[in-house]
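Me: I would like to go through this structure and ask, term by term, what each label rests on.

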Amino acid sequence: MADYEVPKLNGEGVIEIPKIKPDAMAGKGPYIAKPDFQKPLHFPTDFAAEEGGGYTLVPDWKEKALAKMDDLRHRYRSLQLYLDICVKCGACTDKCHYYLGTHDPKNMPVARQDLMRKVYRRYFTFAGKHFPKLVGAVDLTEEVIDDWYNYYHQCSQCRRCSVYCPYGIDTAEVSMAAREILDHIGRGSKYNNEIIGKVFKVGNNLGLPQPALADTLEGLEEDVEAATGIKVRFPLDEEGAEVLLVTPSADFFAEPHVDGLMGYAKVFHEAGISWTLSSYASEGANFGMFIGSYENMRRIALRIREAAIKLKVKRIVFGECGHAWRVAYSFLNTLAGPFDFLDPKYPVPQHILEVTWGLMQEGKLTLDKSKNDDKVLTFHDSCNVARGSRMGDKPGGQFEYPRNVIKAVCNHFVDMPADTIHDATYCCGGGGGLLTDDLMELRIKGAQPRMEALKYVTEQQGVTHMAAICAICKSQFTKVIPYYGFKMEQIVSVHQLVSNALVLTRQVSVQARPDEDDDDEDDGDDDA
Amino acid sequence: MTFVSILYGLLFWAATLVLVVGVGRKIYFYATLPVPLKIPTTPAPVTQSGVVWRMFREVVFFQSLFRANKYTWLFAFMFHMALWLVLLRHTRYFMEIGPFLSFIQPFGKYASFVMLIGLAGLLGRRLLVDRVRYISAPSDFLMLALLIAIGLSGMMMTFVSHTDITMVKGFFRGLMTFDFHPLPASPILLVHLLLVAILMFIFPISKLMHAPGVFLSPTRNQVDNPREKRHISAWALELEQQNKTYLDELKQDEVKHG
């Protein structure tokens, strides 16, 4: 572990509101995307590396930035309205995990918005044009752009601030717009834009090509067979399957993500639902949202539509991923709909937890809860699921479904303090396109509010494991919690718990390969 | 008829025009801006009537603010609710006093204290809480100062140095029929009215637009039904219909914004 200043936990479950410490997180921000990474995303590439590090801005960057801001405020009512109507009441000032963890006042949601609002006022409002000092309006300078780049990449777009704002002002809308403007003047973030390029080129964030993916899935089939004696299939590009599963590519081999993927496979197997992954759309994540680019987000989303058509599936199901589920639940129908070619009996798309909980309620899964008796669980609500989506028919289903499933497969479950769960949940500290090693200090500090809550239930109620339903949360926590004295194994996937408890009664997969010799199994008579 | 009365008459006609037309134009501007994505802060209502109820709780009880900060909520709630009573009481300058108006007169009268306490509390937070002080521009302090000055000058006339309110009523009812009547020669009244006119002038170009704006906030006014009903904005539909990926690939003769 590299050396970072790690905040001290107070053990009370809820973090203290710190005094402001200006410029505590001043800096250069994450690595800048070079022109090669901007090109596939259709962003300008007429900027270049500078001697001694860094990059120039595009020519006429100021005019271009202002033109883009003007364009966006006419495309998004949210942006225009939120720049205008904030009264600076301060309700949001202590709600951001990055402010709480870093004490930098520019990480207070309203101050983060103000970075853009001050420029907006200067160029687009009467008061700012004529009385800039009075309303705190500023000229757009290179220093301002640097501040934008730094602090708009210290926002995980988790929307916790929008819950508490009396007008629902959503800082995510502003930080997304800021990143979109920055992308148009040569200030894209390498982490996000390189990944989106890989999605366009290869099909997933990890750049895992079809043969490697097929290999990985075969390996998983062998693992599950070795553990259970049953050939549970992990089908890839199988035309005519009922379900297209779209899941974050981290599920293919990161820990504990892959244990979740095994859980999905077992659930489909046991329920006799045929399913497939797509190598073309082998990624649930959609980083187009993080950079505020409707166009790129739509382009990424359309792959899923195309894959669904090509593979002739009847349903689309998403695996455990927070922002992917927001894009899927809230935006997919907008970006890539209408999905009138799918089975109208099912919502489009569905969350894997909706599938699993549905099957549990129908009594179609045999569960042995004692398999998870070595654990006392708590559950981390992922920000995008909690505040940007739903599961089931009723508001708040996104809180109930994961807990219902965990309680169905585990005997010991407790919730963290009320101010840190449901729609008050804290971001893991790595969401919104910040899950990169060049932002490690921010990620450690941003995790502090969640760590306070976890420590509290660990000490007070003997919690041993925290379950999550988001690839980013899982990656972030496994990396960051050791700094706070926890072990990375304490983070589990919800479907990993399902996988542990699920008793497989179906001996042969409904998708068993015809060329496979099933007779070499000792007890497995064909009941399919 | 004094020069001052005519000046104030013209002032209030102009202020009213700016307020009504300015706010109306802004609301029209906001309302016609595209909302390309479904972004309600969830859990959100799944029906339109649910949204009405959510908005009601938000604008009447300041529900979100209540969750955020009890002090800010208390002071803001005191100020806004008292302001309504005070405003209702002031309608007597524009219409005949019926049973309802006479019933609320005393409430409106003493609500002014509540209003001032609320404003003082908000100002105190702005000065004393380091986070709130950090985000405050001079205009944020001036806005509170303006409201406090309006409140104090009004209370002076109610509780200390009475003015001829029958004449005031005559003046404003006259303005409504484009007819000038004199104002009483009271310096406090003139200050009070001038400050109110200033407030009316700046309303459409200031953060006071939060009042109509909250009703148009997508995180609060959208129905949570994206899977059931396809939501698409005009400019996004244009991309779809022209089968293009990026906006700058759209044919030039198309309308730029949806």
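The turns below take up the sheet, the salt bridges and some single residues.

Me: What kind of model is this, and how are residues, chains and ligands labelled?
Reply: This is a predicted model, in which local features need pLDDT of at least 70 and side-chain atom pairs count only at pLDDT 80 or more, while totals for chains, interfaces and linings use all residues. Residues are numbered from 1 along each chain as its sequence is written, chains are lettered from A and ligands numbered from 1 in the order in which they are written, and side-chain values use heavy atoms, with hydrogens and water left out.

Me: What makes β1(A) and β3(A) paired strands?
Reply: Two strands pair if DSSP finds at least two bridges between them, where strands (E, at least two residues) and helices (H or I, at least four) are DSSP runs numbered from the N terminus. Four bridges join β1 (residues 243–246) of chain A to β3(A), and the two run parallel, so the requirement of at least two bridges is met. Among the partners, V243(A) is bridged to R315(A) and V246(A) to F318(A).

Me: Which other pairings build the sheet, and in what order do the strands stand?
Reply: The open sheet has four strands in the order β2-β1-β3-β4 of chain A, with parallel pairing. β2 (275–276) and β4 of chain A are at the edges with a single partner strand each, so one side of each has no neighbour in the sheet. Two bridges join β1(A) to β2(A), with L244(A) opposite T276(A), and two bridges also join β3(A) to β4 (residues 350–351) of chain A, with V317(A) opposite Q350(A).

Me: Why is the unit of β3(A), helix α15 and β4(A) called right-handed?
Reply: A crossover is right-handed if, with the strands pointing away from the viewer, the path from the first strand over the helix to the second runs clockwise. The β-α-β unit of β3(A), helix α15 (residues 322–336) of chain A and β4(A) is right-handed. In β1(A), V243(A) and L245(A) on one side and L244(A) and V246(A) on the other are all buried; from this strand the chain crosses through helix α13 (residues 257–271) of chain A to β2(A), and this β-α-β crossover is right-handed too.

Me: How do you know that R315(A) is buried?
Reply: Buried means under 20% relative accessible area, exposed over 50%, and partly exposed in between (1.4 Å probe, protein chains only). R315(A) has 6% relative accessibility and therefore counts as buried. Both faces of β3 (residues 315–318) of chain A are covered, with R315(A) and V317(A) buried on one side and I316(A) and F318(A) on the other.

Me: What makes R315(A) and E242(A) a salt bridge?
Reply: A salt bridge is a side-chain nitrogen of Lys or Arg within 4 Å of a carboxyl oxygen of Asp or Glu. The side chains of R315(A) and E242(A) meet at 3.2 Å, N to O, and form a salt bridge. The pair links distant parts of the chain, 73 residues apart, with R315(A) in strand β3 and E242(A) in the loop between α12 (210–228) and β1 of chain A.

Me: Which salt bridge crosses between chains?
Reply: The side chains of R227(B) and E354(A) form a salt bridge at 2.9 Å, N to O. This pair crosses from the loop between α11 (218–221) and α12 (234–241) of chain B, where R227(B) lies, to E354(A) in helix α16 (residues 352–361) of chain A. R227(B) and E354(A) are both buried.

Me: What does the salt bridge of K207(B) and D140(B) tie together, and why?
Reply: In this salt bridge the closest N and O atoms are 2.9 Å apart. K207(B) lies in the loop between α9 (187–202) and α10 (210–213) of chain B and D140(B) in helix α7 (residues 138–160) of chain B, so the pair ties together parts that are 67 residues apart in sequence.

Me: Is W235(B) buried or exposed, and what does its side chain meet?
Reply: W235(B) lies in helix α12 of chain B and, at 3% relative accessibility, counts as buried. A polar atom of its side chain lies 3.3 Å from the backbone oxygen of R75(A).

Me: Is F131(A) buried or partly exposed?
Reply: F131(A), in the loop between α6 (126–130) and α7 (132–135) of chain A, has a relative accessible area of 44% and is therefore partly exposed.

Key. Polar contact = N/O pair within 3.5 Å; in protein donor to acceptor, adjacent residues only side chain to side chain.
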